[in-house]
Amino acid sequence: MRSPAGSKLVRPSGGAADMGWSTRRTFILVLVAGALVLTLVMPLRTYFAQLGEARRISAEYQVVYAEVEELKQQKELQADPAYIRAEARERLGLVFPGETAYKVQFEDDPRTAQEDEVVRPGSADPWYTQLWGELAVPRDQGPQREMNLPIAPIEPEAGP
């Protein structure tokens, strides 16, 4: 509005009109701030979830890599002819031509007593199954016992 005296603008001073505009600005500001928060929350949530997943995968990779290195060392060891000979002697009882094999047993040896309970002649498993089981288990983890090699069938004793 123009005042009669000149070209100055005159602002009406009304409390209700100023309050409505101020409330409207506040509402728009809150609405824009809420939209910004909602826009940023989902990407941040996704970022932190992927960061945790990346850390988990990295730890899993380290474990698998250590296992692969251990298996490579084991493969190199098993390719060594001296290791193969030692394993054949210890686990299969291999004796080279011209050598004599001796097995010393003590009555009070707890390992021998335990072996007697586990392995009996006429076991249910055939000798080749037992042999495969012995070869499939590393020496340090498997049972230390003799193989149940095939023998003549045991005849049942005559009863009374």
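## Contacts and overall make-up

Take the contacts in this chain between residues at least 6 apart in sequence: 51% of them join residues at least 24 apart. Keep in mind that what you're looking at is a predicted model.

The chain has 4 helices and 0 strands, so if you read along the sequence you get the pattern α-α-α-α. Of its 160 residues, 7% count as buried. The accessible surface comes to about 14600 Å², and carbon and sulfur atoms account for 62% of that area.

## How far to trust it

Across the chain the mean pLDDT is 77, with 63% of the residues reaching 70 or more. Where is confidence lowest, and where is it highest? The low end is α3, at a mean of 55, while the high end is α1, at 89.

## A nonpolar patch on the surface

Phe27, Ile28, Leu31, Val32 and Leu36 get together on the surface as a nonpolar patch. Between them they have about 510 Å² of accessible area.

Let's pick out one member, Leu36. This leucine sits in helix α1, which covers residues 15-78. Is Leu36 buried or exposed? Leu36 counts as exposed because its relative accessibility is 53%, and the cut-off for that label is over 50%.

## Salt bridges along helix α1

Side chains of opposite charge can pair when their charged atoms come close. How many salt bridges does a search of the whole structure find? The search turns up 5.

Let's start with Arg56 and Glu53, a salt bridge whose closest N and O atoms are 2.6 Å apart. Both residues lie in helix α1, 3 residues apart, or about one turn of the helix. Neither end is hidden away: Arg56 is partly exposed at 44% relative accessibility, and Glu53 is partly exposed at 37%.

Arg56 also forms a salt bridge with Glu60, and here the closest N and O atoms are 3.1 Å apart. Why are Glu60 and Arg56 separated by about one helical turn? Because they are 4 residues apart in helix α1. Glu60 is partly exposed too, with a relative accessible area of 45%.

## A salt bridge from α2 to a loop

Now for Arg89 and Glu99, which form a salt bridge with their closest N and O atoms 2.9 Å apart. Arg89 lies in helix α2 (residues 81-92), whereas Glu99 is in the loop between α2 and α3 (110-118), so this pair ties together parts that are 10 residues apart in sequence.

How accessible are the two partners? Arg89 counts as partly exposed, with 35% relative accessibility. Glu99 counts as partly exposed as well, at 37%.

## One shared network

Which residues do salt bridges with shared partners join into one network? They are Glu53, Arg56 and Glu60. Arg56 is the shared partner, as it pairs with Glu53 and with Glu60.

Methods. Residues are numbered from 1 along each chain as its sequence is written. This is a predicted model: local features need pLDDT of at least 70, side-chain atom pairs count only at pLDDT 80 or more; totals for chains, interfaces and linings use all residues. Side-chain values use heavy atoms; hydrogens and water are left out. Patches are made of residues with over 30% relative accessible area and no salt bridge: like charges are joined within 9 Å, nonpolar side chains (Val, Leu, Ile, Met, Phe, Trp, Tyr) within 5 Å. Accessible areas come from the Shrake-Rupley method with a 1.4 Å probe; for residues, only the protein chains shown count as cover. A salt bridge is a side-chain nitrogen of Lys or Arg within 4 Å of a carboxyl oxygen of Asp or Glu. Helices (H or I, at least four residues) and strands (E, at least two) are DSSP runs, numbered from the N terminus. Buried means under 20% relative accessible area, exposed over 50%, partly exposed in between (1.4 Å probe, protein chains only). pLDDT is the predictor's confidence in each residue, from 0 to 100. Contact means heavy atoms within 4.5 Å.
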